[in-house]
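This report looks at how strands pair in one protein model and at how its aromatic side chains are arranged.

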Amino acid sequence: MEDINGLSIPSSIAIIMDGNGRWAQKRGLSRNMGHKEGCRTVEQIIEDCARLGVKYLTVYAFSTENWKRSEDEVTGLMQLFRYYAGRLLAKARDNNVRVLMIGDRSRFPKDIIASIDRLESETAGNTGMTFVMAANYGGRDEIRRAAARYAMDAKDGKTDPSELTEEEFSEYLDTKSIPDPDLLIRTSGELRLSNFLLWQCAYSEIVITDVYWPDFDRDELIRCITEFNGRKRRFGGV
């Protein structure tokens, strides 16, 4: 773990990337232009976190509720993913980053599913930071899917519900290979979880910044980590 001016760098950081639309509106641009600028920020923050020594970075890319947005906006987001998938692969290669996706990818178009599969397979051997995209992801949906899988195993006699532990159930979640976030950052000043990592953020330290996601940079990341360093993590103890 690398010290930055004496800071302890969180091993696992999660980010709710909020404010793309408002960033664009302030500039008289379309919401999709805000999302495009937000993708550029993702590229830079991946590099910044990797260089700082963060082990896991999880970002909320597209929620299960985002399908409710206008057809134009959803179509634009899908096009952005197609474009940035290749750039993300190059960024991952350059920074020795492994890429994973959590969420239900089955609803995406086949070419996007293929791009996700390629990102995961071609970066699987990278040994640096793990970058996790939450796409078509919702915390409640993740727990529902995990419960359904556990129920099937219980029905088949593979597990005993009377002996179920939190650790065992965690193995059925999308994040089974990913540690819980030490730090959860939300941009744009909103004060809610928005159905993101509901199980995993039980004891995450939450830092809210008023900065819109497209304007989020290394300096603001360091400010959030500095605030995290001032917290006393008790995990329910005294």
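The text below treats the strand pairing, and then the aromatic contacts, of this predicted model.

**Strand S4 and its neighbours**

Strand S4, which spans residues 130–137, has eight of its eight residues buried, and it is therefore largely enclosed by the rest of the structure. Strand S2 (residues 56–63) runs parallel to S4 and is joined to it by seven bridges, with Val59 having Met133 as its bridge partner in S4. Strand S3 (residues 98–102) also pairs with S4 in the parallel sense, over five bridges, and here the bridge partner of Leu100 is Val132. Together with helix H4 (residues 110–123), S3 and S4 make a β-α-β unit that is left-handed.

**Aromatic contacts**

A search of the whole structure finds ten aromatic pairs, two of which are set out in the table.

| Pair | Centre to centre | Angle between planes | Arrangement |
|---|---|---|---|
| Trp67 and Phe108 | 5.7 Å | 45 degrees | tilted |
| Tyr83 and Tyr84 | 4.9 Å | 85 degrees | edge-to-face |

The pair of Trp67 and Phe108 links distant parts of the chain, 41 residues apart, since Trp67 lies in the loop between S2 and helix H3 (71–94) and Phe108 in the loop between S3 and H4. Both Trp67 and Phe108 are buried, and the charged end of Arg107 sits over the ring of Trp67, at 4.2 Å from its centre. As for the other pair, Tyr84 has a relative accessible area of 8% and is therefore buried, the cut-off being under 20%. Elsewhere, Tyr60, Tyr137 and Phe196 form one aromatic cluster.

Key. Residues numbered from 1 in each chain as written. Predicted model: local features only at pLDDT ≥ 70, side-chain atom pairs only at ≥ 80, totals over all residues. Heavy atoms only, no water. Buried < 20%, exposed > 50% of the residue type's maximum accessible area, 1.4 Å probe, protein only. Helix = DSSP H or I, 4+ residues; strand = E, 2+ residues; numbered from the N terminus. Pairing = 2+ DSSP bridges. Right-handed = clockwise from strand over helix to strand, strands pointing away. Phe/Tyr/Trp six-rings, centres within 6.5 Å; stacked < 30°, edge-to-face > 60°. Lys NZ or Arg CZ within 6 Å of the ring centre and 35° of its normal.
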